[in-house]
Amino acid sequence: MKNEKILTVVVPTYNAEKYLEKNLNSLCVEELLSKIEVIIVNDGSTDSSKNIAQKYADKYPDSYKVITKENGGHGSGINYGIMYAQGYYFKVLDADDWVEEGAFKNLVNYLKICDDDIVYSGFLWAFDNHSGDEDSFYKKPELKEPFGSVQYKQSYIFTDIAEKLYIKIHNLTIKTKILQENNISIDTHCYYVDTELITYPIPYVKTISFLEDNVYMYRIGRVGQSVSIEKMQKNERNYDKVIQSLTEFYDELGKTIPCTIAHKNYVAGIIARVVAGKIKILLSYPASRERLKECKEYDARLQKKYPDIYYKNKNMAIKILRWSSYKSYWIAHSLLNVKFKVSSI
């Protein structure tokens, strides 16, 4: 039997007063409130985030809950959400993002009749134009479909389609018991931990289905966003920490963590994407022979220790770098920085 609450939505929150009301309003769909649980994890905010969240908890005590804790970072907020979640399914919604009402209704209604381990739904990039109008965004889909010829609302065996697929945290709705029964926990006091949440449950996933709806609205362009190249440079050690955690997890697959070859290959592909991000950071610094040497040596160490991850790379720029024995480093550096200058305009 499914729990009374079909879905727990966890909202990790730190100093998000500017965005939180839009986030929580988007979840406040009257016909769904009896079936969803919204846990706002106030991660030591020093602004009015706690007060905003508490208004919803006071008005809708059966649906909204506030947990206030010392600051521990985004991962800590997710860990608390996993610990206290009572819904049959689990989803993370960052405090500066929101859901689209119609698509969210479709997701919750589908979860009532679904029993797949993961339900994958779409998301839109919502580009913040900083006009002051919270309803004015340029939106575009991240992907048209998760893979070619996908059949929506059909249950798939995960290993049958894993090689075609990449699940981001914005796509992910997962059974809560997979997280709780397998003690899924991600790094605290660290950026870029979303990748850990989409990786650590994978060995336990047997089935997946897909919704065509773009449920999640992912705000892009917010000042100070951790995906900006400046933030990535500043937090490079955090990036390294996540890669270390992911590769340590990878080392245990098939040993202390039961895992099929297909599941392990999928995990290798996820880590390869994170490694591509690390190389992108290295390329973003001012070009020099020392930086070139650092890139080559980093890649050589990866190839030696984790060849499966190394050869899972799908990034074309990195393929060209490797094919040219890094002779194209100077061109890659220039193109990358032009790209980031344009995207920041």
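1. Across the whole structure, which is a predicted model, a search identifies 3 cavities of 30 Å³ or more. The largest cavity holds about 40 Å³ of space.

2. The largest cavity is lined by F90, K91, V92, I169, L172, I174, L179 and L197. Two elements, β4 (89–92) and β9 (172–175), give two or more residues each to this lining. The greatest contribution is that of β4, with 3 residues.

3. In terms of residue class, the lining of the largest cavity comprises 7 nonpolar residues and 1 charged residue, with no polar residue present. The charged residue is K91, which appears in the lining alongside F90 and V92.

4. Turning to the pockets, the second largest has a volume of about 260 Å³. Its lining consists of D240, I243, Q244, T247, E248, D251, V275, Y298, R301, L302, K305 and Y306.

5. Two helices, α9 (236–252) and α11 (289–305), each contribute at least two residues to the lining of the second largest pocket. The largest share, 6 residues, is supplied by α9.

6. The lining of the second largest pocket divides into 5 nonpolar, 2 polar and 5 charged residues. Among the charged residues of this lining are D240, E248, R301 and K305, while Q244 and T247 are polar. The nonpolar residues include I243, V275 and L302.

Terms used:
Residues are numbered from 1 along each chain as its sequence is written. This is a predicted model: local features need pLDDT of at least 70, side-chain atom pairs count only at pLDDT 80 or more; totals for chains, interfaces and linings use all residues. Side-chain values use heavy atoms; hydrogens and water are left out. On a 1 Å grid over the protein atoms alone, a cavity is a set of points where a 1.4 Å probe fits but cannot get out, and a pocket is an open set with protein on both sides within 12 Å along at least five of seven lines; lining residues have an atom within 4 Å of a point. Grid points are joined across faces, edges and corners, and a volume is the space filled by probe spheres set on the points. Helices (H or I, at least four residues) and strands (E, at least two) are DSSP runs, numbered from the N terminus.
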